[in-house]
Amino acid sequence: MSLFFENETTPWTDLGGGIRRKIVGHTPELMSVFMEFDKGAVGTPHAHDVHDQIGYVLAGSFEIEVDGQKKILKVGDAFIAPKNHMHGAVALEQNSRLLDQFSPRRDDYL
């Protein structure tokens, strides 16, 4: 694990379906991840058994659903998805971007 993140030299990982990811950094207790979506790309609704998540909108806009509640979020807005709460996203603009934060880190991303 590096102590620094350089956006320009860190490549995107293509997850398919118009979604890309860059891991910004992590410790065993915390992880930050850039997620970039093409317009219309869907982050399929799911829940985490052990991870709390906060998603902060960096660019574009999303329709976010958490625990059955839907809301349009724009730059500067965020959602909180505690563990065991269903959540998902649909990008409403091209290159919409989230900063996702997880506690503890997502070892499946490494």
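Modeller: A charge sits over a ring if NZ of Lys or CZ of Arg is within 6 Å of the ring centre and within 35 degrees of the ring normal. The charged end of R97 passes that test over the ring of F34, at 5.7 Å from its centre. R21 does too, over the face of Y109, 3.9 Å from the ring centre.

Biologist: And the ground rules?

Modeller: It's a predicted model, so local features need pLDDT of at least 70 and side-chain atom pairs 80 or more, while totals for chains, interfaces and linings use all residues. Residues are numbered from 1 along each chain as its sequence is written, and side-chain values use heavy atoms, with hydrogens and water left out.

Biologist: What makes F5 and F34 an aromatic pair, and of what kind?

Modeller: Rings of Phe, Tyr and Trp (its six-membered ring) pair if their centres lie within 6.5 Å; planes under 30 degrees apart are stacked, over 60 edge-to-face, the rest tilted. The count by that rule is three aromatic pairs. F5 and F34 have ring centres 5.7 Å apart and planes at 75°, so they're edge-to-face. F5 lies in the segment before β1 and F34 in strand β3, which ties together parts 29 residues apart in sequence. Strands here are DSSP runs of E, at least two residues, numbered from the N terminus, just as helices are H or I runs of at least four.

Biologist: Why is F34 called buried or exposed?

Modeller: Buried means under 20% relative accessible area, exposed over 50%, and partly exposed is in between (1.4 Å probe, protein chains only). F34 comes in at 14%, so it counts as buried. F5, at 24%, is partly exposed.

Biologist: What kind of pair do F37 and F62 make, and why?

Modeller: Their centres are 5.1 Å apart and their planes at 85°, so that's edge-to-face again. F37 is in strand β3 and F62 in strand β6 (residues 61-66), 25 residues apart. Both F37 and F62 are buried.

Biologist: What makes R20 and E36 a salt bridge?

Modeller: The rule wants a side-chain nitrogen of Lys or Arg within 4 Å of a carboxyl oxygen of Asp or Glu. For R20 and E36 the N to O distance is 3.0 Å, so the rule is met. This pair links R20 in strand β2 with E36 in strand β3 (residues 30-37), 16 residues apart. R20 and E36 are both buried.

Biologist: Which other partner does R20 have in such a bridge, and at what distance?

Modeller: D38, at 2.9 Å, N to O. D38 lies in the loop between β3 and β4 (42-46) and R20 in strand β2, so parts 18 residues apart in sequence are tied together. D38 is partly exposed at 23%, whereas R20 is buried at 16%. Salt bridges with shared partners join R20, E36, D38 and R97 into one network.

Biologist: How do you know that β1 and β2 pair?

Modeller: Two strands pair if DSSP finds at least two bridges between them. β1 (residues 13-16) and β2 (residues 19-27) run antiparallel with three bridges, so they satisfy the rule. D14 stands opposite R20 in β2. In their hairpin, with two residues between the strands, G17 takes a positive phi near 65°. β3 and β10 (residues 96-103) have seven bridges, also antiparallel, and F34 stands opposite L99 in β10.

Biologist: What makes β1 and β8 edge strands?

Modeller: The open sheet has six strands in the order β1-β2-β3-β10-β5-β8, with antiparallel pairing. β1 and β8 (78-81) each pair on one side only.
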